[in-house]
Amino acid sequence: MNGDGSEQEEDRCQEPDVIATGNILESFTESQEIRGLINSLKGVYGNLGTREVTIEKFIVIMDKYQEQPHLLDSHLEWMMHLLLDVVRDNRSPSPLVHLAFKFLYIITKVRGYKIFLRLFPHEVADLQPVLDMFADQNPKDYETWETRYMLLLWLSMTCLIPFDLARLDGNILSEEGRTRMPIMDRILKVAKSYLVVSDKSRDAAAVLVSRFITRPDVKQKRMADFLDWALSTLSKSSFQTMEGTIVMDGMLQALAQLFKHGKRDDCLPYASTVLECLDNCKLSESNQTLLRKLGVKLVQRLGLTFLKPKVAKWRYQRGCRSLAANLQFSAQVPVAQNLVAAAVTAAADEEEYDIPGEVENVIEQLLIGLKDKDTIVRWSAAKGIGRITGRLPKELADDVVGSLLDCFSFQETDNSWHGGCLALAELGRRGLLLPSRIADVVPVILKALTYDEKRGACSVGSNVRDAACYVCWAFARAYDPLELKPFVNQISSALVIAAVFDRDINCRRAASAAFQENVGRQGTFPHGIDILTASDYFAVGNRVNCFLNISVYIASFPEYTQSMIDHLVNMKINHWDGVIRELSTKALHNLTPQVPEYMTNVVLPRLLPLSVGTDLHTRHGAILACAEITHALYKLAAENNRCQYTQDYVTKIILNIFSTIPDGWQWLINDSLRSLPLVSSTARQQIKEAAVSALAALCNEYYINEQREANPVLQGNDSYQYISELQNTEEMIRCGFSLALGALPRFLLKGKLQQVLEGLKKVICISHKDVSFAESRRDGLKATAKVCQTVGVKRDGPQDEFVCKDNVIQIYMMLLNGMSDYTTDSRGDVGAWVREAAMTSLMEVTLLLVQNEPELLDIMCCVAQQSAEKIDRFRAHAGSVFLALLNFDNPPIPYIPHREELERIFPRSEAVTLNWNAPSQAFPRITQLLGLPTYQYYVLLGLTVSVGGLTETTVRYSAQSLFDYMKKIQNNLDAMNNFCETLLRVFEDNLLNDRVSVPLLKMLDQMLANGCFDIFTTEENHPFSLKLLTLCKEEIKKSKDIQKLRSSIAVFCGMIQFQGDMREKVLFQLLLLLCHPFPVIRKTTASQVYEMLITYSDIVDPDILDVVMTVLSDTNWDAELPVVREKRNYLCDLMKVPKPQLVSKVECGVFAVEFS
């Protein structure tokens, strides 16, 4: 219960930050490089590689200016002229023209088409060439859409020439006598054709329509026809299909742009028809976000068409907005009063006019759009509400605000709340939310600032809180300080709470920005500058820092203290996120010294009923909060005996809460341990550790009497109950109660040690039914070490009370058994967890014995074996345990075999720098132990798994270290004999144990290939080779393991180098495998025998060598066995090797088996 916020908690509570890199540029520094790239287009367009490199360079340079595109403004004109010169050149081939338009599009993407559009040449002479270029375009060519996009934008500029287009037609009769299409119709045809394409050209076509149709000469002749075509196309299309969606997108864009740029008088006659068609489309039912957004956009444009374009005289105008003046609020009061009076006078003079009935339909659709499931639709609807409300009379505008407030009902979804906040911000920003409505709006915004609705395992509402911060930001800019003065304390407290206690970083930063805007614009927030200094944009990025540090500083200002505490108690201790609950209770701990009386008299009485409530999250948070506040009050009372009354009150609370101890808490701990299988894997470890630590604290506090002895009833109940649970069929229950036994204090283990050890021994031992319970074996080993440390060591003491001479062997056997756990399952080498725990426990018990009774068993060999194994992490752990035992000085561990040699191989000075994780450092050291007889067997056993493993680096360095050692003893016959005897013993002890035998075969193959046994190859029928052959045959007998069989083939081929009868026996075994039931084994054998004959050409008579190799290479060893057997027998005759015989067995049917 520490409220300081440790590093561990910071790691666990840290949230992913929003990291953004921004460019701070002063000018367009790459102008010369861009000029060079554009000028090089004529030389690179024909080569695909150089063209792509040039495009990529251009994109990289231009993308740097995405955030500061205005820096390009002075350079746009010359870049456009250079590229258009390429386009206008009649000699430019089509690929070069497309490349130039691609560069134009890249510039447009960065700067925006609205700025770039104005720079296009738009003289009369440009219109015809641009139109002619469309004849060469293929709308279905998806690699050149940039060309069509830019041409449409260029055409939308050139079509604005201030002449009647009919004048440009001239004689519309062509030379062939056929009538040419007028330019007006050609442009309209181009626009219509590109409104239904699937690429971005559709957007540019909509821009073209908005500019072309609104021309005076075109609107008279073609506007009605175009709208009929557009509405007809729209009504025939369906958003259920992809094609229909594309067509509807184009039509809606064109109509929205048309009603945006067209004059009201021109568009008004068609507005009702368009609105009716739009209603029939029922776009709100579409699952296409873009269609719904365009529908809302078009609806608001229709609404603006129905209403006269005027500025509402009744709107609120703040007037002077000097930041310096805002900080002197009192001086502004007369000015504000004058502004209000002026606004009232203007409202009285407002002109009355009839509002068309369609406006109600428009507003209704926009209100529905505020509740859409997608943000971009809601945002568009909010802007529409703001624009239309600005043209309504005051009374109707107030009705819109009233309808808007209905969005904030708790029956509405988070989408409705978010849309409502966006709309309120728009109204406030435009001065359309009059001060008389602020009293209704502020309570709604305060609720929105803490909006958080749980949905399943998470919650929604962060976007609502973010939008509420935007409303506060907009209000700060819109209203005079006098208008917001009555609500200053509420808004400031709510923003501070959001900036410090919100779960999401974007909401905290939004609240901090809104608070900053209010401090600057309003100048009335209490202690605004001081709070801003502590909770700026960057400071609130760290959630732990906000909860535990910034909150304490802000709570030191009395205006915010109580509201912050109330928010934590009401909203945060019952939060769905456990991390937030924990941080909230720690924040309460830190805030307690500010107002101890309020915590004592108000907060704690409110929390106590919640701690026994039905909601799990609330109960958890309330219990933690009670504990944290109680702890803080206790610390406060303990300081110089201050606040004694607080200590007395806390004592009463403790007595009320803990009236059921020890029975209630003991039941809770036991129930938690029994419920571990029902808990998620992520929380299981925390619950287990918490229950075990609570058990130790509970026992030490309540289960011991004044004589420092245990209550016999409690002692018997706990130990017997826990021991019986060690054989539970649930693995997690075994884990929990094993660790619980390890946590029991000495007075509860007194007289029960042997029973506890016997129970843990059953957990540690592997049986057939619980072979996969690796986690319970791991925790059993940990508990064994803890129990030994708890009871202590006494050489001649009773075995029921101490670690003594009668039970030390049993303890070591339990721990050493864990060192040989190599269980694997779908999770991988789970036995590694057990081995790691065994090594740690061995070290702890050994050090305990050395410090008290230095009579111990030899465990160094087992640890050395683990130090040579393949998994880096566990090899490193074993190495650190090995060196810790070797270098222990308090006192030094006796009876370590070959101590002097070990200290020479592992100097104490290098104990820290030696990286056991790195195979290149570990294996050269550990292989030196092969020269020490006591360690040779164990190190070779561990090394076998590494040399024959799969990890490249481990195999390479372990094998090289082994070969280096073999070179050193190559000429020492005694050392070689000892090593080979150990090697055979490892093989014999692990026969048919695939974990060791398969890597061992791979290691033997490498050793034979590297000439490690050359000293024995000159002697005929050496015992080592005969024994090795026998073990290999036994290992693969009746085996169906492809990997093992392949490895054995390589070993047999390597053993051909031994002299005497061995060669005939090896050849017989290889020829036997040539007729193995598995085709892959037959092919592998033939291939490796072929390579063997090339390497050892003296095996076969030179006269028949070519024939033998031809049979091996040309035979189809995938063929049926009778065919293959005939070829194999032919080889036996050639090489004078006895043919394997067939024998029939009838036990399970008749089938043929070959045997030697």
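## A tour of the aromatic rings

Start by selecting Phe-501 and Phe-547: both residues are buried. Keep in mind as you go that this is a predicted model.

How many aromatic pairs does a search of the whole structure find? The count is 26. For one of them, select Tyr-105 and Trp-145, whose rings meet edge-to-face, with 4.8 Å from centre to centre and 75 degrees between the planes. Now colour by helix, and you will see that this pair links distant parts of the chain: Tyr-105 belongs to helix 6 (residues 94-111) and Trp-145 to helix 9 (residues 145-158), 40 residues apart. Is Tyr-105 buried or exposed? Its relative accessibility is 14%, so Tyr-105 counts as buried.

Next, go back to the two phenylalanines from the start. The ring centres of Phe-501 and Phe-547 are 5.2 Å apart and the planes make an angle of 50 degrees, so this pair is tilted. Show the helices here too: Phe-501 is in helix 26 (residues 488-501) while Phe-547 is in helix 29 (residues 543-555), so the pair ties together parts 46 residues apart in sequence.

For a bigger selection, pick Phe-408, Phe-410, Trp-417 and Tyr-451, and you have one aromatic cluster on screen.

Let's finish with charges over rings. Select Arg-35 and Trp-78: the charged end of Arg-35 sits over the Trp-78 ring, 4.1 Å from the ring's centre. Then move to Arg-509 and Tyr-537, where the arginine lies over the face of the tyrosine, at 4.4 Å from the ring centre.

Conventions: Residues are numbered from 1 along each chain as its sequence is written. This is a predicted model: local features need pLDDT of at least 70, side-chain atom pairs count only at pLDDT 80 or more; totals for chains, interfaces and linings use all residues. Side-chain values use heavy atoms; hydrogens and water are left out. Rings of Phe, Tyr and Trp (its six-membered ring) pair if their centres lie within 6.5 Å; planes under 30 degrees apart count as stacked, over 60 as edge-to-face and the rest as tilted. Helices (H or I, at least four residues) and strands (E, at least two) are DSSP runs, numbered from the N terminus. Buried means under 20% relative accessible area, exposed over 50%, partly exposed in between (1.4 Å probe, protein chains only). A charge sits over a ring if NZ of Lys or CZ of Arg is within 6 Å of the ring centre and within 35 degrees of the ring normal.
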